[in-house]
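These are my notebook entries on one protein structure. I set down what I looked up, topic by topic.

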Amino acid sequence: MRFLRHTLLPILLAMAWISVSEFLRNQFLFARLWVDHYAARGLTFPAEAINGALWGVWALVFSALLYTIARKFSFLHTAVIGWIAGFVLMWLVIGNLDVLPFGILWAAVPWSLAEAAGAAWIVSRLGVHKHR
């Protein structure tokens with residue numbers, strides 16, 4: 001029962017927070033920007049169910065990473081390290097592949113910082129005690 005309450009629940013709640021945030025930003029607010037960016041490169045923006053499912057897996061892995069970091073570090077360190085690992089590295093990769101619309105970063109950077117901080121807060125607040 002402790003595992004469910006102090007490990008699985010915080011990870012799943014952080015995953016839900018991340019998933020809703022990602023959906024709102026990328027599928028609701030900036031969908032046209034993504035579609036147009038892909039179309040300008042002769043590509044179709046991947047919006048099939050499998051793509052959504054893989055983003056769900058990403059959110060789960062990101063949440064588990066934040067939970068793991070939070071066990072050893074402060075909330076602020078967890079949020080910053082998690083943000084770098086989850087977002088900055090992703091943007092470097094998709095930017096290198098030329099599928100990142102750089103014009104989105106003015107909104108994506110602060111939004112993703114809030115997203116990472118919110119998820120870090122969830123796992124820090126609801127997760128197990130720190131092991132230092």
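**Entry 1. The largest pocket**

I began with the largest pocket, which holds about 600 Å³ of space. I note that the model is a predicted one. The search rests on a simple idea: rolling a probe the size of a water molecule over the atoms shows where empty space is left.

I then looked up the lining and found 26 residues around the largest pocket. Glu22, Asn26, Gln27, Phe45 and Trp55 are the ones that lie nearest its centre. Four elements each give two or more residues to this lining: helix H1 (2-29), helix H2 (31-40), helix H3 (49-70) and helix H4 (75-96). Which of the elements gives the largest share of the lining? I found that H3 does, with seven residues. Sorted by class, the lining has 17 nonpolar, six polar and three charged residues.

**Entry 2. Gln27, beside the pocket centre**

I chose Gln27 for a separate look, as one of the residues nearest the centre of the largest pocket. Gln27 belongs to helix H1. Is Gln27 buried or exposed? Neither word fits, because its relative accessibility is 36%, and Gln27 therefore counts as partly exposed. I set aside the neighbours within four places in sequence and found Gln27 in contact with Glu22 and Phe45. Both of these partners are also listed among the residues nearest the pocket centre. I also looked up the distance from Gln27 to Ala47: the two residues are 20 apart along the chain, and their C-alpha atoms are separated by 9.0 Å.

**Entry 3. Aromatic pairs**

I next looked up the aromatic rings, and the count comes to ten aromatic pairs. I wrote down two of them in full.

In the pair of Trp34 and Tyr38, the ring centres are 6.4 Å apart and the planes stand at 50 degrees, so the pair is tilted. Why are these two residues separated by about one helical turn? Trp34 and Tyr38 both lie in helix H2 and are four residues apart there, which accounts for the turn. Trp34 and Tyr38 are both buried.

In the pair of Trp58 and Phe87, the ring centres are 5.5 Å apart and the planes stand at 80 degrees, so the pair is edge-to-face. This pair links distant parts of the chain, since Trp58 is in helix H3 and Phe87 is in helix H4, 29 residues apart. Trp58 and Phe87 are both buried. I found the two residues again in one aromatic cluster, formed by Trp55, Trp58, Phe62, Trp83, Phe87 and Trp91.

**Entry 4. The chain as a whole**

I turned to the overall fold and found five helices and zero strands. Read from the N terminus, the elements run α-α-α-α-α. The radius of gyration is 16 Å, close to the 14 Å that the globule rule gives for 132 residues, so the chain is as compact as a globular protein of that length. Along the principal axes, the C-alpha trace spans about 50 × 25 × 20 Å. Of the 132 residues, 39% count as buried. I also looked up the contacts between residues at least 6 apart in sequence, and 81% of these join residues at least 24 apart.

**Entry 5. Three single residues**

Thr78 is found in helix H4. I recorded Thr78 as buried because its relative accessible area is 0%, and buried means under 20%. Not counting residues up to four places away in sequence, Thr78 touches Leu66, Ile69, Ala70, Phe73 and Ala120.

Leu12 has its place in helix H1. With 41% relative accessibility, Leu12 counts as partly exposed. The C-alpha atoms of Leu12 and Gly86 are separated by 16 Å, and the two residues are 74 apart along the chain.

Asp98 is in the loop between H4 and helix H5 (105-126). What is the phi of Asp98? I found a value near 65 degrees, which is positive in a residue other than glycine. I noted this value because most residues other than glycine have a negative phi. The relative accessible area of Asp98 is 36%, so Asp98 is partly exposed.

Methods. Residues are numbered from 1 along each chain as its sequence is written. This is a predicted model: local features need pLDDT of at least 70, side-chain atom pairs count only at pLDDT 80 or more; totals for chains, interfaces and linings use all residues. Side-chain values use heavy atoms; hydrogens and water are left out. On a 1 Å grid over the protein atoms alone, a cavity is a set of points where a 1.4 Å probe fits but cannot get out, and a pocket is an open set with protein on both sides within 12 Å along at least five of seven lines; lining residues have an atom within 4 Å of a point. Grid points are joined across faces, edges and corners, and a volume is the space filled by probe spheres set on the points. Ala, Val, Leu, Ile, Met, Phe, Trp, Tyr, Cys and Pro count as nonpolar, Asp, Glu, Lys and Arg as charged, and the others, Gly among them, as polar. Rings of Phe, Tyr and Trp (its six-membered ring) pair if their centres lie within 6.5 Å; planes under 30 degrees apart count as stacked, over 60 as edge-to-face and the rest as tilted. Buried means under 20% relative accessible area, exposed over 50%, partly exposed in between (1.4 Å probe, protein chains only). The radius of gyration is taken over C-alpha atoms; the globule rule is 2.2 Å times the number of residues to the power 0.38. Contact means heavy atoms within 4.5 Å.
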